[in-house]
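Here are a few short exercises to work through with the model open in your viewer. Try each task before you read its solution.

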Amino acid sequence: MNPATTKPDNEFKESFGQYMKKHNASYIMLAPYFTFFTLFTVLPVIASLGLSLTHFNMLEMPQWVGWSNYTRLLLEDDLFLLAFRNTMIFALITGPVSYILCLLFAWIINEFQGKMRAFLTLIFYAPSISGQAFMVWGLILAGDRYGYLNGLLIRMGFMQEAILWMRTEKYVLPVLIVVQLWLSLGTGFLAFIAGLKTVDKSLYEAAAVDGIKNRWQELWFVTLPAMRPQLMFGAIMQITQSFAVADISINLAGNPSVNYAGSTIVTHLLDYGAGERFDMGYAAAIATVLFILMVGTNKLVQRLLKRVGK
Amino acid sequence: MSENTVATVEIEETEVAENRIREPKPLNQSRLKRLFHRERRINRSAAGNGLLFVLMAICGAFMALPLVMVVNNALKPIDELLQFPPRIFVRNPTFENFSELFYMLSESWVPFSRYILNTIIITGFGTVGHVIFASLAAYPLAKHDFKGKNMLFSMVILSMMFSWQVTQIPNYMIITWLGMNNTYLALILPATAFGMGLYLMKQFMEQIPDSLIESARLAGANEFMIFWVIIMPNVKPAWLTLAIFQFQQMWAQTGHLFLRSEELRPLQYAMQFITLGGVGRAGAAAAVAFMLAAVPITFFLLCQSRILETMTTSGMKD
């Protein structure tokens, strides 16, 4: 079989048959995954993009309405603007902070050896693996004086009366941000741990010879550049998680939350899609706007990551 | 196990050091330095180690909270579970909750073993299938040059940014159209082509030096042999990590959307159904919460220990 990576050296034009013969291994390897990917991901996404231009209540056939879902969404829907604002605040804080936390903790855990390392990985990954772990926060933030946080603050004399944490507008978003940060050592974190494991150890020896003096320099000049592929992966996971936040908001603050203080783009979407309004076309339009938002952010972040270690 | 790993490291290091002695390069100073640092790792101060340890202990206590609560709740007798205000730690531990759970599951209409079988089929095929399909597709995307490569890859990345809540309905229609409604396939086949796994595998495979693949080709290996003998062993931490993610996802599937026959439903469904019983079933529900967390954690620990065994092989050096 011909090596598939070598480009044709000479300028002659290959026939389709020659091309396929040369690359058939590549296409055979791609086939199973992309068959199912097309069926179960690409087609549904295309269908959703199409639906965003219709009015579709899931009972009657979709009706073509052109751009009106989008104009309604961006110009008339005040609640969407609020959800948009909340999502942006939320994503701009939790995204970078939790990305750095993932990296920091993965790197620190990598400093430990053997059993201790496995144990620490489990402990830090625990919130992501224990199912509905964030329900713990329901107890901590309970609004009466028996809630753990209220109890603690009252006993320490910081306040006189219990605070209804999830029913007070100004606390909702900050609390959700804290919970999300606590939950955020998930996919990216484990990928970083595995990435650190594959960094070539001879790089560290060479760096020590070249005059790298401490672990911080080593991190910036050796480790991070060596695991750039994982950093890019982690960034995408972080973006999809921080912009698509909905679960913790619905579970802790309720949907709708008090004065929509915890509403996000996805809770707004769920209102129309799975909620009582049954307007799938409108929900699809919301999804498309969120999609564009994430794609733009991703472009920006990938550009920043190219500068790591330089 | 950890001792073995340390031993291998030392053997490797001595070998490297010996090689360096034979090499005529002016590396005398660094060789001394390296021998001096044999016991510790390069560039590590004791104060720094201590500081990191304290930091990890504090943060760890905070992060372990859900695990601690799940374990304690599972062991609490019913009066402690319903106690107000709730306490974190159990005072009179008991296994009542588990016997109640197993009694309820054995009383169910469909035999308990059937739920377990369903879970094994759905989780097993969903996990293994995804790891294989995603790795297989990731290799050409990372290391081959062909038409449409960038387009395929950006399609996968973009798909991860589209809200799944919206694509659920077209997805349901497609599965019905394929006649897969109310079969295991409705859960397994879409799971084999999730976007994240392909991206993860591709990123790790990119790090494998081309020279390694090229030398295998010169030795006469075809692309499938290269994939199996060179690529997969070198990205073992990656596919073990992917297996953890995918197992977690598949384990959490209740299949309520597609599986209408009770005989096809997984354990997750049966157990979550029990928790809907309200206060009367609080004990069994606590045991359920424990079981739902314990299985993926066991799988996680199995995979993590295998990840730790992987040493960065000398083959990875370019």
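pLDDT is the predictor's confidence in each residue, on a scale from 0 to 100. Keep that in mind throughout, as what you're looking at is a predicted model.

**Exercise 1. Confidence**

Task: work out how far to trust each chain, and find the stretches where pLDDT drops below 50.

Solution.
- Start with chain B: its pLDDT averages 80, and 83% of the residues score at least 70.
- Next, go element by element. Helix 1 (residues 2–22) of chain B has the lowest mean pLDDT in that chain, at 43, while helix 7 (residues 112–143) of chain B has the highest, at 94.
- Now look for weak stretches. Residues 1–40 of chain B stay under 50, and the model gives them 15 contacts beyond four places in sequence. Over residues 312–318 of chain B the pLDDT is also below 50, with 12 contacts beyond near neighbours in sequence.
- Turn to chain A, where the mean is 83 and 93% of the residues reach 70 or more. Residues 1–11 of chain A fall below 50, and that stretch has 17 contacts beyond near neighbours in sequence.
- Finish with the complex as a whole: the predictor gives an ipTM of 0.86 and a pTM of 0.83.

**Exercise 2. The fold of chain B**

Task: describe the secondary structure of chain B and how its contacts spread along the sequence.

Solution.
- Count the elements: chain B has 16 helices and zero strands.
- Check burial: of the 318 residues in chain B, 36% are buried.
- Look at sequence separation. Take the contacts in chain B between residues at least 6 apart in sequence; 72% of these join residues at least 24 apart.

**Exercise 3. A helix pair inside chain B**

Task: how do helix 11 (residues 195–205) and helix 14 (residues 236–251) of chain B pack?

Solution.
- Get the geometry first: the axes are 10 Å apart, at an angle of about 165°.
- Classify the angle. Anything over 145 degrees counts as roughly antiparallel, so helix 11 of chain B is roughly antiparallel to helix 14 of chain B.
- Add the handedness: the crossing is right-handed.
- List who touches whom. Helix 11 of chain B brings Met196(B), Gly197(B), Leu200(B), Met201(B) and Phe204(B), and helix 14 of chain B brings Ala238(B), Trp239(B), Leu242(B), Phe245(B) and Gln246(B).
- Sort those residues by class, and you get eight nonpolar, two polar and no charged.

**Exercise 4. A lysine in helix 11**

Task: is Lys202(B) buried or exposed, and which residues is it in contact with beyond its neighbours within four places in sequence?

Solution.
- Place the residue: Lys202(B) lies in helix 11 of chain B.
- Count neighbours. The cut-off for buried is 20 or more other C-beta atoms within 10 Å; Lys202(B) has 25, so it counts as buried.
- Find the contacts: outside that sequence window, Lys202(B) is in contact with Ala138(B), Leu141(B) and Ala142(B).
- Check one distance. Lys202(B) and Ala138(B) are 64 residues apart along the chain, yet their C-alpha atoms are separated by 4.7 Å.

**Exercise 5. Two loop residues**

Task: examine Asn182(B) and Thr183(B), in the loop between helix 9 and helix 10 of chain B.

Solution.
- Take the backbone of Asn182(B): its phi is near 60°, a positive value in a residue other than glycine. For context, most residues other than glycine have a negative phi.
- Compare the counts with the burial cut-offs. Asn182(B) has 15 other C-beta atoms within 10 Å, so it is partly exposed. Thr183(B) has 16 and therefore also counts as partly exposed.
- Look for a long-range partner: Thr183(B) and Leu264(B) are 81 residues apart in sequence and 7.4 Å apart in space, C-alpha to C-alpha.

**Exercise 6. Across the interface**

Task: describe how chain B meets chain A, then zoom in on one helix pair.

Solution.
- Size it up: 85 residues of chain B are in contact with 84 residues of chain A.
- Ask which element of chain B gives the largest share; that's helix 16 (residues 282–309) of chain B, with 11 residues.
- Break down the chain B side by class: 54 nonpolar, 23 polar and eight charged residues.
- Zoom in on helix 4 (residues 114–129) of chain A and helix 3 (residues 46–63) of chain B, whose axes come within 8 Å and cross at roughly 45°. That angle makes the pair oblique, and the crossing is left-handed.
- Name the residues: Leu120(A), Ile123(A), Phe124(A), Ala126(A) and Pro127(A) meet Met56(B), Gly60(B) and Met63(B). By class, they divide into seven nonpolar, one polar and no charged.

Technical notes:
Residues are numbered from 1 along each chain as its sequence is written. Chains are lettered from A and ligands numbered from 1 in the order in which they are written. This is a predicted model: local features need pLDDT of at least 70, side-chain atom pairs count only at pLDDT 80 or more; totals for chains, interfaces and linings use all residues. Two residues are in contact if their C-beta atoms, placed from the backbone, lie within 7 Å. Helices (H or I, at least four residues) and strands (E, at least two) are DSSP runs, numbered from the N terminus. Ala, Val, Leu, Ile, Met, Phe, Trp, Tyr, Cys and Pro count as nonpolar, Asp, Glu, Lys and Arg as charged, and the others, Gly among them, as polar. A residue is buried if 20 or more other C-beta atoms lie within 10 Å of its own, exposed if 12 or fewer, and partly exposed in between; C-beta atoms are placed from the backbone. Axes are lines fitted to C-alpha atoms, for helices over the stretch in contact, and angles run from 0 to 180 degrees between N-to-C directions. Angles under 35 degrees count as roughly parallel, over 145 as roughly antiparallel, 65 to 115 as roughly perpendicular and the rest as oblique. A crossing is left-handed if the near helix is turned anticlockwise from the far one by less than a right angle, and right-handed if clockwise.
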